[in-house]
Amino acid sequence: MSFRDNPFGEVRLPLLLGAVAACVVALVVAFALLMVDRRQTYQTGAYNALRKASDVVVAPVTGAVAAPVRWAGGVAEGIGGYFFAASENRRLKAELAAARVWRERAIALADENARYRALLGLAVDPPVPMVTGRTVSESRGPYANTRLVNVGAAQGVRVGHPVLSENGLVGRVIGVSSRVSRVLMLTDTASRTPVMIQRTRARAILTGDGGWAPGLAYLRGRDPARVGDLVLTSGDGGVLPRGITVGRVVRGVDGDWRVQLASDSAPIDFVRILLFEDFVKLEDLRALERPAPPPPPTPAPRTDPPAAAVAPAQKSRGAAP
Amino acid sequence: MTTLAQPLRVSRWVGGPLLAALAVSLLLAAPIRLLGLPLPEPVTLMVPAFAWAMIRPAAAPAFALLLGGLALEGLWGAPAGLWAISLLAAYLPILVLRNILAAQSPVVLWAWYGLACLLAQLVGWLISAWIAGAPPSLAAAGLQWLATVLLFPLAALLIERFRDADVRFR
């Protein structure tokens, strides 16, 4: 009898049954893991030791893989910069001229703003410290959009801290190891971010779905948004500070309002992590009750007072020694 | 004759492809843009999952897919169990149908591989929608499916390499 006659035919069925049984066991284990996983919670303990360990292993490997490509990209950018220096110079000069005008306006507005705050005795938000890190790994799939950043608990990063690129909000920290943090991107299906439309102050929840443009859920009001409107964080709920740029409103293919993220306008390489704590989480609430600095002298009113009211005052001033 | 009926070592046909698939996923997770575009993110473990089901029935691939799925979730930051369930859900039907698929041409096998990838994506989509409370983007899922389907030649190579390696399953 040759082997083509298959003398081991009788072992096929038990093996197939064994393989199917192994599949069922593995499925049960996987389902149990799915049930106990609590990726979305803010409790630091939920980001379990296994995930921390995998983050610590993955970060240096992907960082090393990306390093030569980043270096090559830097060389190519340098060569391009050399050949296009003249046109780049013209463009930058035009930008600088425009920026000078805005600078003057910004200084005047900041001064005016500071004076109004002092006059009203407003308790303004304290300055937020931040740390800068480099993204060393990213996932771009439909069910997980996260990044690993090479700063962690050793640099003061904690779960919940907002993450920004130079263009706008990127996401927030959901897991921290000693020197690595995992960032949940705004596009992740688990991401929910309170935002507002800058033009109308209409509130909405930015809802990630794994696509390139997250949706605006629970958008209320009459004509609350138009294409091109600026979207900012609203600060509602105390998770994120108010006023961080998120993106611009666009109309999705499905007709829903979506947001083209500002952070997508350039590769997300370096990020800033705001070490932001909401006021309700401050240990020393008395810091908010400190008296505001004395108001600066107010300028004289522009409208001239009535002549009848001015004359006695001038007389009295003139009579004084 | 020592060449007859030699058992196939698990480390060769399961361990090696598993590590290779995970290594490729690790490389593709690097934050690199080529020509302004991010790298694709195929589910590389679908390649050995399909090939293992076609090569021979065994218990080891199921647990390898469980471990590989968990590693993928650690790498991508996905909910634990999502990819393990999706991969096993695609592996099981191919395993049951392997006798029917064994004699098919590569093109037909490619179509079956595409269906298996579609099943994995569907299960992942449903789990993700259930966990997040909102449906994930179909376009993003479709792009990942397409990137995964394009990897079929690697699965065909793996099948060709190990299909006749164990004489009991010729």
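**Exercise 1. The barrel of chain A**

State the order in which the 6 strands of chain A close into a barrel, and say which sense the pairing has.

Step 1. The barrel order in chain A is β1-β2-β5-β4-β3-β12, and the strands pair in the antiparallel sense. From one strand to the next, the twist averages 45°. Strands here are DSSP runs of E with at least two residues, helices are runs of H or I with at least four residues, and both are numbered from the N terminus. Two strands count as paired if DSSP finds at least two bridges between them. Axes are lines fitted to C-alpha atoms, for helices over the stretch in contact, and angles between N-to-C directions run from 0 to 180 degrees.

Step 2. A note on the source: this is a predicted model, in which local features need pLDDT of at least 70 and side-chain atom pairs count only at pLDDT 80 or more, while totals for chains, interfaces and linings use all residues. Residues are numbered from 1 along each chain as its sequence is written, and chains are lettered from A and ligands numbered from 1 in the order in which they are written.

**Exercise 2. Strand β4(A) and its partners**

Trace the pairing of β4(A) with β3(A) and with β5(A).

Step 1. Strand β3(A), residues 162-164, pairs antiparallel with β4(A) over 3 bridges. In this pair A:Val163 faces A:Gly171 of β4(A). The link from β3(A) to β4(A) is a hairpin of 4 residues.

Step 2. β4(A) and β5(A), residues 181-185, also run antiparallel, joined by 5 bridges. Here A:Gly171 is opposite A:Met185 of β5(A). Again a hairpin of 4 residues makes the link, from β4(A) to β5(A).

Step 3. β5(A) also pairs with β2(A), residues 146-149, antiparallel and over 4 bridges. A:Thr146 stands opposite A:Leu184 of β5(A).

Step 4. Is β4(A) mostly covered or mostly open? In β4(A), residues 169-176, 8 of 8 residues are buried. A residue is buried if 20 or more other C-beta atoms lie within 10 Å of its own, exposed if 12 or fewer, and partly exposed in between, with C-beta atoms placed from the backbone.

Step 5. Helix α2(A), residues 49-83, lies across β1, β2, β4 and β5 of chain A, at about 80° to β1(A).

**Exercise 3. Positive phi in a loop**

Find two residues of the loop between β8 and β9 of chain A that have a positive phi without being glycine, and say whether each is buried or exposed.

Step 1. Most residues other than glycine have a negative phi.

Step 2. A:Tyr218, in the loop between β8 (215-217) and β9 (230-233) of chain A, has a phi of about 60°. A:Tyr218 counts as exposed because it has 9 C-beta neighbours inside 10 Å.

Step 3. A:Asp223 is in the loop between β8 and β9 of chain A, and its phi is about 50°. With 8 other C-beta atoms within 10 Å, A:Asp223 is exposed.

**Exercise 4. Helix α6(B)**

Check the length of α6(B) against its number of residues, then describe its packing on α8(B).

Step 1. The expected span of a helix is 1.5 Å times one less than its number of residues. For the 27 residues of α6(B), 106-132, that gives 39 Å; the end C-alpha atoms lie 38 Å apart, so the two agree.

Step 2. The buried residues of α6(B) include B:Tyr113, B:Cys117, B:Gln121, B:Trp125 and B:Ser128. After α6(B) comes B:Gly133, with a positive phi near 80°.

Step 3. α6(B) packs on α8(B), residues 152-162, at an angle of about 115°, with the axes 10 Å apart. In the contact, B:Pro106, B:Leu109, B:Trp110 and B:Tyr113 of α6(B) meet B:Phe152, B:Ala155 and B:Ala156 of α8(B). The contact residues of α6(B) and α8(B) comprise 7 nonpolar, no polar and no charged. Residues are in contact if their C-beta atoms, placed from the backbone, lie within 7 Å. Ala, Val, Leu, Ile, Met, Phe, Trp, Tyr, Cys and Pro count as nonpolar, Asp, Glu, Lys and Arg as charged, and the others, Gly among them, as polar.

**Exercise 5. Where the chains meet**

Say how many residues each chain gives to the contact, and which element of chain A gives the largest share.

Step 1. Chain A contributes 47 residues and chain B 46 residues.

Step 2. On the side of chain A that touches chain B, α1 (12-36), α2 and β1 of chain A each give two or more residues. The largest share there, 14 residues, is from α1(A).

Step 3. By class, that side of chain A holds 28 nonpolar, 12 polar and 7 charged residues.

How values were computed. Contact = placed C-beta atoms within 7 Å.
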